[in-house]
Amino acid sequence: MNSSSAQRLARVLITTVSVAYSLIGLIYFASGPRNGFVASAAVIGVIVTHYLNMRAGLRGERPPRFPLTLVLQAAATYVPDYLLPSGWSAVSAPMLAGALLVFLPLRWSGPLVGAMTLWTGGSIFLWSANPVIALFYGLSVATTGTMIYAMVRFVRVTVDLEHARAELAEAAVLKERLRISRDLHDGLGRSLTAIALKGDLAGRLMDRDPAAARGEVGELVQVAREAAQDVRQVARGYRELSLASEVDRAVALLESSGVGCQAHLADAALSRQSEAALAWGVREAVTNVLRHSRATTCTISTSLKEGRLRLEVVNDGAPDAYDPGGGLTGLAERAAQAGGTGAA
């Protein structure tokens, strides 16, 4: 049930109960026109103030000029007791009990509703001398008030759940956008850097060594195909990487770009998430080596200590300062998700 349906149901039930209780007051016409008109005015006062209070309560708000509307409803409930015979408040007190439970803290509304229950039961007993009737009217104050409060809370909880679902959906969309952005940056960054380097190298070799240039162009095409595959995997949300294979690709790329590279990997069993995070770390580090450094040598190594695997990518040509962009931020997020940390 959505919030609109819940509000309609609550309005129908609360209105039906309110009107049914209030119309009982019209029986006072049987005791004379004066009593009938006083009861009619009291009915109008109760219904109007109760409507204003419940309309605001169903919206999760307080009515305008609160607590005046609550005081007026209480006056319409109990003042006619001094003008009409036979305990008018037994008719309208259940609605006031609901309004008190909705708008006042339980530490206040609970004792008030309890006192109203006792007052109603006692006044009806004094009038009728029938304990069954007195018990019925007394308990109706607490039960009907609780029902009204439960209906209002039901509507508010339904609305809150809808808002929570909407916020979760927005968070899921944002998370997916961040994942796509991060994967595209981390995945395509290395590939595009490699394509640019191999394109430049092929251009320089075109005149003096056409065969070598053709080889570089062939490798460029292969890297472009891998980049296209990366994009398809990002779109599908499937990014399972192998640390060993990523290191092999990194060594080949660095050496083809004129950077001597050595890899030393510790023999350790890794969870899928941890291995993927380390593989992304290798990819981001190699991308930064190619983009931002003047390295001639690079070492990729892992070491196991106290049950934690440490990845290090070291080169001999790091610049004094550079703007890392969002790559290191994405890398730190991946490391955190795998239970680790990352640092440049």
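Helices and strands are taken here as DSSP runs, with at least four residues for a helix and at least two for a strand, numbered from the N terminus. Counted that way, the protein chain of this predicted model has 10 helices and three strands. Reading from the N terminus, the order is α-α-α-α-α-α-α-α-β-α-β-β-α. Of the 344 residues in the protein chain, 39% are buried. Among contacts with a separation of 6 or more, 69% link residues 24 or more positions apart.

Helix H4 (89-103) is a good place to start looking around. H4 has 15 residues, and 14 of them are buried, so "mostly covered" is a fair description, with buried meaning under 20% relative accessible area. From the first C-alpha of H4 to the last, the reach is 20 Å, close to the 21 Å expected at 1.5 Å a residue.

What covers H4? Part of the picture comes from the helices that pack against it. Two packed helices are described by the angle between their axes and the distance between the axes. For helix H3 (residues 68-78) and H4, the angle is about 160° and the axes are 8 Å apart. That makes the pair roughly antiparallel, because an angle over 145 degrees counts as such. The crossing of H3 and H4 is left-handed. On the H3 side the meeting residues are Leu70, Gln73, Ala74, Ala76, Thr77 and Tyr78. Their partners in H4 include Ser92, Met95, Ala99 and Phe103.

Helix H5 (106-128) is another partner. H4 and H5 pack at an angle of about 170°, with 9 Å between their axes. H4 is therefore roughly antiparallel to H5 as well. Residues of H4 that make this contact include Ala90, Ala93, Ala97, Leu100 and Leu101. From H5, the contributors include Leu112, Met116, Trp119 and Ile124.

Helix H2 (33-58) also packs on H4. The axes of H2 and H4 come within 10 Å and cross at roughly 25°. H2 and H4 are therefore roughly parallel, since the angle is under 35 degrees. This crossing, too, is left-handed. Val46, His50, Asn53, Met54 and Gly57 of H2 meet Ser92, Met95, Ala99, Val102 and Phe103 of H4.

How do these helices show up in the nonpolar cores? The largest core has 20 residues, and those with the most contacts inside it are Ile14, Met54, Leu70, Leu100 and Met116. The elements giving two or more residues to this core are H2, H4, H5 and helix H6 (131-208). H4 supplies the largest share, seven residues. Several names from the packing lists come back here: Met54 sits in the H2 contact with H4, Leu70 in the H3 contact, and Leu100 and Met116 in the contact between H4 and H5. As for Ile14, leaving aside neighbours within four places in sequence, it is in contact with His50, Met54, Ile148, Met151 and Val152.

Tyr149 is found in helix H6. Is Tyr149 buried, exposed or partly exposed? Its relative accessibility is 33%, so Tyr149 counts as partly exposed. Not counting residues up to four places away in sequence, Tyr149 touches Leu101 and Val102. Tyr149 and Val102 are 47 residues apart along the chain, yet their C-alpha atoms are separated by 5.5 Å.

The loop between H2 and H3 has some backbone oddities. Most residues other than glycine have a negative phi, and most peptide bonds are trans. Arg65, which lies in this loop, has a positive phi near 65°. Arg65 is exposed, because its relative accessible area is 70% and the cut-off is over 50%. Pro67 is in that loop too, and a cis peptide bond joins Phe66 to Pro67, with omega about 10°.

Further along the chain, a second, separate core of 18 residues includes Leu243, Val251, Leu278 and Cys298. Helix H8 covers residues 243-256. Its 14 residues should span 20 Å at 1.5 Å a residue, and the end C-alpha atoms are 20 Å apart, so the two values agree. Which residues of H8 are buried? They are Leu243, Glu246, Val247, Ala250, Val251, Leu253 and Leu254. An α-helix has 3.6 residues a turn, so residues three or four places apart point the same way. Just after H8, Gly258 takes a positive phi of about 90°.

Key
Residues numbered from 1 in each chain as written. Predicted model: local features only at pLDDT ≥ 70, side-chain atom pairs only at ≥ 80, totals over all residues. Heavy atoms only, no water. Core = buried A, V, L, I, M, F, W, Y, C linked by side-chain atoms within 4.5 Å. Buried < 20%, exposed > 50% of the residue type's maximum accessible area, 1.4 Å probe, protein only. Contact = heavy atoms within 4.5 Å. Expected span 1.5 Å × (residues − 1). Axes fitted to C-alpha atoms, helices over the stretch in contact; angles between N-to-C directions. Parallel < 35°, antiparallel > 145°, perpendicular 65-115°, else oblique. Left-handed = near helix turned anticlockwise from the far one by under 90°.
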